[in-house]
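Take a moment to turn the structure around on your screen before reading on. We will walk through it together, one part at a time.

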Amino acid sequence: MYVPLLDLKLQYASIRQECLAVTEKIYDSQHFILGPYVEKLEEEVAGYCGTRYAVGVSSGTDALLLSLMAAGIGEGDRVITTPYTFFATAGSIARVGAVPVFVDIEPDTYNICPQKLEAAVRRMDEKTRQSVKAVMPVHLYGQCAEMDPINALARENNWVVIEDAAQAMGAEYKGQRAGSLGDFGCFSFFPSKNLGGFGDGGIVTTNSDSYYEMLKILRVHGASPKYYHRYIGGNFRLDAIQAAIVSIKLARLDQWTQKRQENAARYRQLFAEAGIDEIIGCPLEKQDRHIYNQFVISAESKRDALRDFLQAAGVGCEIYYPVCLHMQQCFADLGYAAGQMPEAEAAAARTLAIPVFPELTEDQQAYVAEQIRSFCS
Ligand SMILES: *Cc1c(COP(=O)(O)O)cnc(C)c1O
């Protein structure tokens, strides 16, 4: 049997007519950038996330970059984040000239650990602490970071809170949606995200009038009005085609999320029945609404062997992420050493994402579980 990690063709088959109809309209209009489809999506996403505003942008990476710029973060500033995430999280911090400061994760959720965050801030000398301007928690794999203590620390220290919610559209923390938990919520429409476009795209949510204005101005090279540049922004615009496709998918997102959650529950049951739930470490569902962008198991020291075994058996799987950000070559000058972020380093060595996409069948899941069981025995 062949079980891909993700099969977008099945999803496309269910929305094909709608997608073709709307793209045809956009081709006929010859209006490709920003415009009414983007505005419609912005209203829908703001409504979905429970925020006052949303600003469509060119990618999830640009959502992070633009938020940092709108918050005025740059040279000489520090931004605290997790070392266990996609590169763009820390890459965007470095690109505005700020210094990423890494704080280790919780071993059970893989999200930044609030206790370690507090300890790290307490250890800083006064000058370093003053230079910290923001915190960028990541809601990894579709589960929100522990936001209450993070927000409390942020208030105490006057930090801007930028949520990297690229993997977490629709995730909830204590009944509140990802993107509404900080000052900025950054989402990606990269095709493999739960809400993906037909290319690159992203969106930033906010409740702040002033940040909203800055996001909109910086999105178009800092111009307001057109050709009068108050700031140096960039081209962070979203395409009409991406917005229209994402709108179509947003209407079905909750239904797809429910399928992912059912698939996650079925894996737990299958692994428990096979007596291997301890060995392969199911993800912890700590927050209310985990949207399972990934279902990530922990295979201790046998991870790489398990990956090879599954791939040979036709089961798609992937390591997110094999190298922690504090160990990346481009951040060598930050001066981190191996062993400094033990939980993140352990996660990078142990975790493996297996298929959890909405269209996955029960037979396919049973096959995946059977392969893992036979590897374990
Ligand atoms: C996907 C992702 C991004 C970047 O989004 P793009 O749209 O690919 O630029 C940023 N952070 C995290 C955690 C992601 O998963």
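The paragraphs below go from one helix to the nonpolar cores, then to a listed site and some salt bridges.

Please keep in mind that this is a predicted model. A good place to begin is helix α2, which covers residues 36–49. At 1.5 Å a residue, its 14 residues should span 20 Å, and the end C-alpha atoms are indeed 20 Å apart. Which residues of α2 are buried? They are Val38, Leu41, Glu42, Val45, Ala46, Tyr48 and Cys49. Looking down the axis of α2, you will find these buried residues within an arc of 160 degrees, so they line one face of the helix. The other side of α2 carries the exposed residues Pro36, Glu39, Glu43 and Gly47. Just after the helix comes Gly50, with a positive phi of about 75 degrees.

From here we can step into the interior. In soluble globular proteins, nonpolar side chains tend to be buried together. In this model, the largest nonpolar core has 43 residues, and Ile80, Leu117, Trp159 and Met169 have the most contacts inside it. At least two residues of this core come from each of α2, α5, β4, α7 and α9. Helix α2 gives the most, with six residues. For a closer look, try Trp159: leaving aside neighbours within four places in sequence, its contacts include Ile80, Leu117, Val121 and Asp183. A second, separate core of 28 residues includes Val55, Ala88, Ala98 and Phe184.

Next, a site from the records. The unreviewed UniProt entry lists Lys193 under "active site". Lys193 is found in the loop between β8 and β9. Is Lys193 buried or exposed? Its relative accessibility is 17%, and because buried means under 20%, Lys193 counts as buried. Beyond its neighbours within four places in sequence, Lys193 is in contact with Ala166, Gln167, Ser188 and Asn293.

Finally, let us turn to charged pairs. The structure holds 19 salt bridges. One of them joins Arg52 to Asp209, with the closest N and O atoms 3.1 Å apart. This pair links distant parts of the chain, 157 residues apart: Arg52 is in the loop between α2 and β1, and Asp209 is in helix α8. Asp209 counts as partly exposed, at 41% relative accessibility. By contrast, Glu126 and Arg129 meet in a salt bridge (2.6 Å, N to O) within helix α6, where being three residues apart separates them by about one helical turn. Helix α14 holds another such pair, Arg373 and Glu370, also three residues apart, with an N to O distance of 3.0 Å.

Conventions:
Residues numbered from 1 in each chain as written. Predicted model: local features only at pLDDT ≥ 70, side-chain atom pairs only at ≥ 80, totals over all residues. Heavy atoms only, no water. Helix = DSSP H or I, 4+ residues; strand = E, 2+ residues; numbered from the N terminus. Expected span 1.5 Å × (residues − 1). Buried < 20%, exposed > 50% of the residue type's maximum accessible area, 1.4 Å probe, protein only. Arc of directions from axis to C-beta. UniProt positions renumbered as here; feature names shortened; annotations may be inferred. Contact = heavy atoms within 4.5 Å. Core = buried A, V, L, I, M, F, W, Y, C linked by side-chain atoms within 4.5 Å. Salt bridge = Lys/Arg side-chain N within 4 Å of Asp/Glu carboxyl O.
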